[in-house]
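Colleague: I have a model open on my screen and would like to learn how to read it. Could you take me through it one feature at a time?

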Amino acid sequence: MKVSFVIPALNEEGIVGKTIKSIPVEEIKEAGYEVEIIVINNNSTDNTEQEAREAGATVFLEMNRGYGNAYKRGFKEATGDIFVMGDADGTYPLEQSLNFINYIVEDGCDFVIGSRFKGSIEKGAMPALHQYIGNPMLTKMLNILFHAEYSDTHCGMRAFTREAYEKMDLKAPGMEFAIEMVIEAAEKNLNIKEVPISYRKRGGGEAKLSSFDDGWRHIKYMLTRKFN
């Protein structure tokens, strides 16, 4: 069985290499899995691609910028039976990846997602507006509209089987891809597991989020999807 790590990267020079090296490749191999690490260079203008290659990743260039565009390209290129996704900026504990994989292989889960709110959030890792208002509000809204039971719909550390990915009809090119995936997982009745994680401050690179714009895009996506 093979595990594919898929990491999108846009101008993450100085941290993407450290993020790749945080993946417990030897531990996962000792557990009996093959491992590949795929980084999608989302048309960076810095040294992201070279740094990722030097850290041991296979890099593909996706010229069309956007969170969804990068991930869809990555999953298309991935050859594994299990996909693990996470950001390039060092915020997610990829060293906990085997835990996610075990829930899939040993417990029969289809879709495993981290929960920063059930775990811990390092001081300064998440703006107070996001931590206490934005993310909880968007999570509650999604749960009500789509009859789901998530505690952290926007956590970007996730793992799922290839079969689960193929069941999810994922189209969003931008940040909406994050909630499109959790909605699809719920609507397709996948066996979903939340895992507490420790969320950390960015290790470098450029911050990509725009609080108001991204929040409104997620609200608009949910309402449009629900009522159109």
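Modeller: Happy to; we will go from the overall fold to the core, the cysteines and the charged pairs. Bear in mind that this is a predicted model, where local features need pLDDT of at least 70, side-chain atom pairs count only at pLDDT 80 or more, and totals for chains, interfaces and linings use all residues. Residues are numbered from 1 along each chain as its sequence is written, and side-chain values use heavy atoms, with hydrogens and water left out.

Colleague: Let's begin with the fold. How many helices and strands does the protein chain have?

Modeller: Helices (H or I, at least four residues) and strands (E, at least two) are DSSP runs, numbered from the N terminus. Here the protein chain has nine helices and seven strands.

Colleague: And what does the radius of gyration say about the protein chain?

Modeller: The radius is taken over C-alpha atoms, and the globule rule is 2.2 Å times the number of residues to the power 0.38. For 228 residues, the rule puts a compact globule near 17 Å, and the 16 Å of the protein chain agrees with that. Along the principal axes, the C-alpha atoms fill a box of roughly 45 × 40 × 35 Å.

Colleague: How should I read burial, and what percentage of the residues in the protein chain is buried?

Modeller: Buried means under 20% relative accessible area, exposed means over 50%, and partly exposed is in between (1.4 Å probe, protein chains only). In this chain, 54% of the 228 residues are buried.

Colleague: Which residues of the largest nonpolar core touch the most other members?

Modeller: A nonpolar core is a set of buried Ala, Val, Leu, Ile, Met, Phe, Trp, Tyr and Cys residues joined through side-chain atoms within 4.5 Å. The largest one here has 72 residues, and Phe75, Phe111 and Phe160 touch the most other members. Helix H8 (residues 177-187) gives the most to this core, with eight residues.

Colleague: What surrounds Phe111?

Modeller: Contact means heavy atoms within 4.5 Å. Beyond its neighbours within four places in sequence, Phe111 is in contact with residues including Tyr150, Phe160, Met168, Met181, Val182 and Ile192. Tyr165, in helix H7, has its C-alpha atom 8.8 Å from that of Phe111, although the two are 54 residues apart along the chain. Tyr165 counts as buried at 18% relative accessibility, and with the same neighbours set aside, its contacts are Lys72, Phe75, Phe83, Phe160 and Leu170.

Colleague: Phe75 came up twice there. Which residues of its helix, H4, are buried?

Modeller: Helix H4 (residues 67-77) has Tyr67, Gly68, Asn69, Ala70, Tyr71, Gly74 and Phe75 buried. Among the elements covering them are strand S1 (2-9), strand S2 (34-41), helix H7 (162-167) and H8.

Colleague: Now the cysteines. Why is Cys109 not bonded to Cys155?

Modeller: A disulfide is a covalent bond between the sulfur atoms of two cysteines. The cut-off used is a pair of cysteine sulfur atoms within 2.5 Å. The sulfur of Cys109 is 15 Å from its closest cysteine sulfur, in Cys155, which is too far for a bond. A search of the whole structure finds zero disulfides. Both cysteines are buried: Cys109 has 6% relative accessibility and Cys155 has 0%.

Colleague: How many salt bridges are there?

Modeller: Side chains of opposite charge can pair when their charged atoms come close. A salt bridge needs a side-chain nitrogen of Lys or Arg within 4 Å of a carboxyl oxygen of Asp or Glu, and the search finds 14 of them. In one of them, Asp89 pairs with Arg202, with the closest N and O atoms 2.8 Å apart. Asp89 sits in the loop between S4 and helix H5 (97-105) and Arg202 in the loop between strand S7 (192-199) and helix H9 (211-227), 113 residues apart. Asp89 is buried at 7% relative accessibility, while Arg202 is partly exposed at 30%.

Colleague: What does Glu95 pair with?

Modeller: Glu95 forms a salt bridge with Arg200, at 2.7 Å between the closest N and O atoms. Glu95 is in the loop between S4 and H5 and Arg200 in the loop between S7 and H9, so this pair ties together parts 105 residues apart in sequence.

Colleague: And which residues are linked in a network of salt bridges?

Modeller: Those are Glu184, Glu187, Lys188 and Arg225.
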